[in-house]
Amino acid sequence: MIELGHETGRKPPFRYAAYTRVGFSDTDAQGVVYYGRYMPYFDLARTEYHRHLGHLQIRGEFAMRASTVEYHAPARFDDLLEIFVRLRRIGRTSATFECAAHNEDDLLMVTALQTLVLVDLDERRAAPIPDAYRERVQAFEGEDLELAVAT
């Protein structure tokens, strides 16, 4: 299986990152990445994170609940971005991811905190996060993961 991401120790507490390149259609009239284009970059990194952990199927059952983004520097056409991602906190039905995009010069471009809720697709309601998912993420993230008590 081909991954677009990789394990990394360059930016603790991040242990995983994925690469993306800024396309022309990602830029606005000022020649910089349009602010909304970072959401697909973060989605790519989360998808590759789940692929790496063997939980790609459950990734499709998470729905975005909240997203807080801070813009630190503008990315431009053809910039290679490394999108660092980690699962910061697992609650009973939600997971909070932290993302950070850096350019080739290692300049911090954008950060985000995104909370997703696991949804039972048949019931269209929040569902408890399975223990197998929780355990796999905890094994990967280690002590940097905030783990809420599952009930």
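**A walk through a predicted fold**

Let me start at one residue, Arg124, which sits in the loop that runs between strand 6 and strand 7. What we have on the screen is a predicted model, and I will ask you to keep that in mind throughout. In this model Arg124 has a phi near 55°, which is a positive value in a residue other than glycine. Is Arg124 buried or exposed? Its relative accessibility is 65%, so Arg124 counts as exposed, given that the cut-off for that word is over 50%.

The loop that carries Arg124 is the turn of a hairpin, in which strand 6 and strand 7 are separated by 4 residues. The two strands run antiparallel and are joined by 2 bridges, with strand 7 covering residues 125–126. If you would like to find the pairing on the screen, look for Asp120, whose bridge partner in strand 7 is Arg125.

Let me now step back to the whole chain, before we return to the strands. The protein has 3 helices and 8 strands, and if you read from the N terminus, the order of the elements is β-β-α-α-β-β-β-β-β-α-β. The C-alpha atoms fill a box of roughly 50 × 35 × 30 Å when the box is taken along the principal axes. How does the radius of gyration fit with a compact globule? For 151 residues such a globule would have a radius of gyration near 15 Å, and the protein has 16 Å, which agrees.

Of the 151 residues, 42% are buried. Among contacts with a separation of 6 or more, 65% are accounted for by residues 24 or more positions apart. As for the outside, the accessible surface comes to about 8200 Å², and 49% of that surface belongs to carbon and sulfur atoms. There are 18 positive and 24 negative side chains, and the centres of these two sets lie 4 Å apart.

Back, then, to strand 6, which spans residues 108–120 and is joined by 9 bridges to strand 3, residues 62–71, in an antiparallel arrangement. One of the pairs to look for here is Thr68 with its bridge partner Leu113 in strand 6. Strand 5, residues 94–102, is also antiparallel to strand 6, and 9 bridges join them. In this pairing His102 stands opposite Leu108 of strand 6.

As general background for anyone tracing side chains along these elements, in a regular strand the side chains alternate between the two faces of the sheet.

Strand 5 and strand 6 form a hairpin with 5 residues between the strands, and within it Asp106 takes a positive phi near 70°. Like Arg124, then, Asp106 is a residue other than glycine with a positive phi. With a relative accessible area of 33%, however, Asp106 is partly exposed, whereas Arg124 is exposed.

While we are on strand 5, please look at Ser94, which has its place in that strand. Ser94 has a relative accessibility of 16% and therefore counts as buried, the limit being under 20%. Which residues does Ser94 touch, if we do not count those up to four places away in sequence? They are Arg89, Thr115, Leu116, Val117 and Ile129.

I would like to finish towards the N terminus. Glu3 is found in the segment before strand 1, and Glu3 is partly exposed, since its relative accessible area is 29%. Once its neighbours within four places in sequence are left aside, Glu3 is in contact with Tyr16, Glu48, Arg51 and His52. Arg51 has its place in helix 1, which covers residues 38–53. Although Glu3 and Arg51 are 48 residues apart along the chain, their C-alpha atoms are separated by 7.4 Å.

Seen from the side of Arg51, and again leaving aside neighbours within four places in sequence, the contacts are Met1, Ile2, Glu3 and Leu56. For Arg51 and Ile2, the separation is 49 residues in sequence and 9.4 Å in space, C-alpha to C-alpha.

One last detail concerns the loop between strand 1 and strand 2, where Pro13 is found. What kind of peptide bond joins Pro12 and Pro13? The model places a cis peptide bond there, with an omega of about 10°. That is where I will stop.

Conventions
Residues numbered from 1 in each chain as written. Predicted model: local features only at pLDDT ≥ 70, side-chain atom pairs only at ≥ 80, totals over all residues. Heavy atoms only, no water. Rg over C-alpha atoms; globule rule 2.2 N^0.38 Å. Buried < 20%, exposed > 50% of the residue type's maximum accessible area, 1.4 Å probe, protein only. Contact = heavy atoms within 4.5 Å. Areas by Shrake-Rupley, 256 points an atom, 1.4 Å probe, with all protein chains shown as cover. Lys, Arg positive; Asp, Glu negative; His and termini not counted. Charge placed at Lys NZ, Arg CZ, Asp CG, Glu CD. Pairing = 2+ DSSP bridges.
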